[in-house]
Amino acid sequence: MTASPAPAAAALTTRAQEVSSRIVDDILTLVRQETSSYDLPGLAAGLDLLRELTVQRLGQPDHEHRYPGGECGDTLTLTYAGTGTGAGTGAGHVLLVGHYDTVWPTGTLAGWEQPGASEDGREKLGGPGIFDMKTGLAQGIWALKLARESGAPLPTVTFLFNGDEEIGSLSSRPVIEEAAQKADVTLVLEPTAHGAVKTARKGTGIFQVTATGVEAHAGLAPQDGASAITALSEFVVAAAKVAAPDRGTTINTGLFRGGSAINVVAGQATAGVDIRVSSEAEQARVDEELDAIKVSDPRVRIEIDHAWNRPPMTLNAASAPLLALAREVAREQGRDSLPDTAVGGASDANFVAALGLPVLCGMGAVGDGAHAQGEFIYPDTVPTQTGLVAGVLVRLTRPLRG
């Protein structure tokens, strides 16, 4: 039987419109299962649900593997064999990456209020993780379903679902990097930036800073103490001055803990510092300048764990043809353009780009409010975004043009 030619993206988008309510139902099914990054039972149930949903829509995968996450959520890969001609024709193997963990503590859903319509009357749907990024997960599954139903030749597609992206992909990073190197193209189903795909992201550092001082009674012998809290406060203020927003470098101390009792000069204090950089040069500068910070009491020892989590992401030479292909698909859908943009947040796309491999990020939801109360999507964009991914898939048995 001869395979059908690749359908126009407009036809795939029309079909996505016809089943839009079913796609939205799947999105809400995923949202109702809370999956906080720190709730291992919730993550396990969420991944089981995600696998079940994928199998319902696509059938049993040709290959699957579940990688234990330890203290993090597990990572699952599901591979569906392609029907295209494979190697030498562009991309014979596409990796679709999406995380199922969210920043929201378990129990958040119970108190979540649905957003009202936008100022122009557009419907919104809210829920913890709906924008970042459970909508992208459902859209990716349906994109392959619609592409397969079209009868077009298709590449092999591997879904990679990880449960620790929001806390740095500490367990899943090696799985992502290995899978990306086996694939020809990676699409990351993170939310869009107001409809734009993301081709540049900042690198991130998750630094832990520890101050060790000398405990003493705060009333009887305060002079004998060396306050770790005071010293670490000095460090935090100095660290903030190392930031250079004009160069894309931001530094935020988001966690601060210390002391043992109100009447004890603190002997220990720790701070969690989030650092974002746009270049490796800035990364090196930040390391050097943080190490050079001195506190006023020499009895306090400051130790910095320089934990650079994700390298900066830029539009590399391998990814430029993939962006051009996505724009062709968008034009077939009737869009005037498909913009791309740089954003301050990092994602698993950073790892892939750092390997010099082709990757596009932000192929998922259109909405706003990531990591904020009121996070939402525009459900009327679900067919267009699903059709975009489906349209890219049916073209990835063709050569990518540089």
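Rings of Phe, Tyr and Trp, the last by its six-membered ring, are taken as a pair if their centres lie within 6.5 Å. With that rule in hand, the tour of this predicted model can begin at a group of aromatic side chains.

**Stop 1: the aromatic cluster**

Select Y80, F159 and F161, which ring pairs link into a cluster. By the rule above, the count of aromatic pairs in the model comes to five. Begin with Y80 and F159, whose ring centres are 6.3 Å apart and whose planes stand at 85°, so this pair is edge-to-face, an angle over 60 degrees being what that class asks for. The contact joins distant parts of the chain, since Y80 belongs to strand β2 (residues 73-80) and F159 to strand β5 (residues 156-163), with their positions 79 residues apart in the numbering. Now turn from Y80 to F161: F159 and F161 form a stacked pair, at 5.7 Å centre to centre and with 25° between the planes.

Are the two rings of the edge-to-face pair, Y80 and F159, buried or exposed? Both Y80 and F159 are buried. F159 has a relative accessibility of 0% and therefore counts as buried, and F161, also at 0%, is buried because of that value.

**Stop 2: the six-stranded sheet**

Keep β2 and β5 in view and extend the selection to the open sheet of six strands, which runs in the order β1-β2-β5-β3-β6-β16 and has mixed pairing. At its edges are β1 and β16 (359-360), each of which pairs on one side only. For a parallel part of this sheet, select β3 and strand β6 (residues 185-188), which are paired over four bridges; within this pairing, the bridge partner of L96 is L187 in β6.

**Stop 3: the second largest pocket**

Some strands of that sheet also contribute to a pocket. The second largest pocket encloses about 210 Å³ of space, and its lining can be selected as H63, Y67, T77, T79, H93, L95, T158, V175, E178, A179, K182 and A183. At least two lining residues each come from β1 (63-67), β2, β3 (93-99) and α5 (173-182). Which element gives the largest share of this lining? It is α5, with four residues. Coloured by class, the lining of the second largest pocket shows five nonpolar, five polar and two charged residues.

**Stop 4: strand β12 and its partners**

Next, select strand β12 (residues 268-277) together with strand β8 (residues 203-212), and follow their antiparallel pairing over ten bridges. One of the positions to look for is G203, whose bridge partner in β12 is V277. Then add strand β10 (residues 250-258), which is also paired with β12 in the antiparallel sense, here over eight bridges; in this pairing F256 stands opposite A271 of β12.

**Stop 5: the largest pocket**

With β8, β10 and β12 still selected, display the largest pocket, which holds about 1,100 Å³ of space. Its lining is made up of 43 residues, and those closest to its centre are E166, I167, D274, R276 and H371. Two or more lining residues are given by each of α4 (130-149), β7 (197-201), β8, β10, β12, β14 (308-310) and β17 (367-368), and the largest share, five residues, comes from β8. By class, the lining of the largest pocket has 15 nonpolar, 17 polar and eleven charged residues.

**Stop 6: the three-stranded sheet**

From the lining of the largest pocket, carry β17 over to the next selection, an open sheet of three strands in the order β4-β18-β17 with antiparallel pairing. The edges are occupied by β4 (125-126) and β17, each with a single partner strand, so one side of each has no neighbour in the sheet. Between β17 and strand β18 (residues 376-377) the antiparallel pairing extends over two bridges, and G367 can be found opposite I377 in β18.

**Stop 7: two charges over rings**

Finish with two side-chain contacts in which a charge sits over an aromatic ring. Select K124 and F376: K124 lies over the face of F376, at 4.3 Å from the ring centre. Then select R122 and Y378, where the charged end of R122 sits over the ring of Y378, 3.8 Å from its centre.

Key. Residues are numbered from 1 along each chain as its sequence is written. This is a predicted model: local features need pLDDT of at least 70, side-chain atom pairs count only at pLDDT 80 or more; totals for chains, interfaces and linings use all residues. Side-chain values use heavy atoms; hydrogens and water are left out. Two strands pair if DSSP finds at least two bridges between them. Rings of Phe, Tyr and Trp (its six-membered ring) pair if their centres lie within 6.5 Å; planes under 30 degrees apart count as stacked, over 60 as edge-to-face and the rest as tilted. Buried means under 20% relative accessible area, exposed over 50%, partly exposed in between (1.4 Å probe, protein chains only). A charge sits over a ring if NZ of Lys or CZ of Arg is within 6 Å of the ring centre and within 35 degrees of the ring normal. On a 1 Å grid over the protein atoms alone, a cavity is a set of points where a 1.4 Å probe fits but cannot get out, and a pocket is an open set with protein on both sides within 12 Å along at least five of seven lines; lining residues have an atom within 4 Å of a point. Grid points are joined across faces, edges and corners, and a volume is the space filled by probe spheres set on the points. Ala, Val, Leu, Ile, Met, Phe, Trp, Tyr, Cys and Pro count as nonpolar, Asp, Glu, Lys and Arg as charged, and the others, Gly among them, as polar.
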